[in-house]
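Thanks, everyone. I have a few minutes on one structure, mainly its salt bridges and one of its helices. Let me put it up.

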Amino acid sequence: MSGTPARTAADATASDVVCLGESMVTFLPSRPGRLADVPSFGRGIGGAESNVACALARAGHRAAWVSRVGADGFGDHLVDAISAYGVDTSAVRRDPDRPTGIYFRTATDRAADVHEVAYYRAGSAASAMSPANVPHEALSAGRVLHLSGITAALSADCLALLRELTAPRPGRPLVSFDVNHRPGLWRGGDASPGVLLDLARGADLVFAGEDEAEEAWGITAGAEAIREALPEPAVLVVKRGAQGATVFSRPGAGGAGSRPDTVTDVPALRVDVVAPVGAGDAFAAGFLSATLRGLPVRDRARHGHLMAAAVLTVPGDLTDPPARDRADRLAALDDAAWGRLRLGPGWTGDDTEVRST
């Protein structure tokens, strides 16, 4: 099956997925409103790659997170919280000279005009990651290495690291890359978000949203145009918001154009949304989980939608996914039954919350 990482003799002890990237302590608003008006915040954790690692660990996979945090209380909290999800954090390095990053956000959808995020991550421990100081043996220890474009935006050293990890080399893991374009991180920097296109072209599996492809690269003609700009990855997942996802997959090995694509359109689920945050990371985790299991492309995308629905129906960025056998049953529904599903809060633990309309 296209894009499925091969098993080796070392897989008995290796991680299924290794995720590299910054995680921060997140301050979540006690109520909707502008940051200037919110009276108090609750503490959580936030990081695209660590979110993926936590979701995969809770789904029964061996997941590891590689990063740098400060030698401070926030760094302690991050490592403890991520470890509590079952993620291997043994390769996380502590930086005695740089702090752990933190950020504050409003409760609204990231895509909404009124959404605010205040980052305090400049000069953070994670922004100092570079080819010279990351544990390369840990990054090569999994069947899949998951990266995102957020890391590339943090510093010139981080960008150099991403360039190295997405460059072709013998024996590398399957490289998964989520574009994760964050415009606020690229302002005033020496690099352009256009470098995300180069990084994505070096990966084996890429997640890209139609909205971010337009914002970062000026691509407005839809999924096929994104595939034309990214012909190299064996699997390209174009996320189309409420419309679902289009997956371009190429069987077997070989470079761009070596074999024709199979194009699979998978409609999104109808979801009673509680909080519109964390869904992209959850989708990537669900797709990766099904990829590791060698499931068909349609079911990979459906597992992505199901894991995203689990997060959309809770207040935070992370939650327990549905039990695997239950998710498998839902992913196996025929197209008509899939289209009738509507998922609401509590659906992952109570069959009565899975409704057909």
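Start at D328, which is partly exposed because its relative accessibility is 26%, and partly exposed runs from 20% to 50%. Before I go further, note that this is a predicted model.

What does D328 form a salt bridge with? The partner is R293, and the closest N and O atoms of the two are 2.7 Å apart. D328 sits in helix α12, residues 324-331, while R293 sits in the loop between α10 (279-292) and α11 (297-312), so the bridge ties together parts 35 residues apart in sequence. R293 is also partly exposed, at 28% relative accessibility.

Next, R201 and E232. Their side chains meet in a salt bridge, with 2.5 Å from N to O. R201 belongs to helix α7, residues 195-201, and E232 to the loop between α9 (223-229) and β12 (235-239), so here the parts tied together are 31 residues apart in sequence. Are these two residues buried or exposed? R201 is partly exposed, with a relative accessible area of 37%, and E232 is partly exposed as well, at 25%.

Now a pair in another setting. R68 and D95 form a side-chain salt bridge at 3.2 Å, N to O. R68 is in strand β5 and D95 in strand β6, so to speak two distant parts of the chain, 27 residues apart, are linked by this pair. Both residues are buried.

How many salt bridges does a search of the whole structure find? The count is 19. There is also a network of salt bridges, which links D16, R62 and R143.

That leaves the helix, α2. It covers residues 73-84, which is 12 residues; at 1.5 Å a residue the expected span is 16 Å, and the end C-alpha atoms are 16 Å apart, so the two agree.

Which residues of α2 are buried? They are G75, H77, L78, V79, A81 and I82. In an α-helix there are 3.6 residues a turn, so residues three or four places apart point the same way. Within the buried set of α2, you can look at L78 and I82 with that in mind.

As for what covers those buried residues, the list includes the strands β2 (24-29), β3 (41-46), β4 (63-66), β5 (68-70) and β6 (93-95), along with helix α1 (48-58). Strands β5 and β6 are where R68 and D95 lie, the buried pair from a moment ago.

Last, just after α2, G86 takes a positive phi of about 95°. That is what I had; questions are welcome.

Terms used:
Residues are numbered from 1 along each chain as its sequence is written. This is a predicted model: local features need pLDDT of at least 70, side-chain atom pairs count only at pLDDT 80 or more; totals for chains, interfaces and linings use all residues. Side-chain values use heavy atoms; hydrogens and water are left out. Helices (H or I, at least four residues) and strands (E, at least two) are DSSP runs, numbered from the N terminus. The expected span of a helix is 1.5 Å times one less than its number of residues. Buried means under 20% relative accessible area, exposed over 50%, partly exposed in between (1.4 Å probe, protein chains only). Contact means heavy atoms within 4.5 Å. A salt bridge is a side-chain nitrogen of Lys or Arg within 4 Å of a carboxyl oxygen of Asp or Glu.
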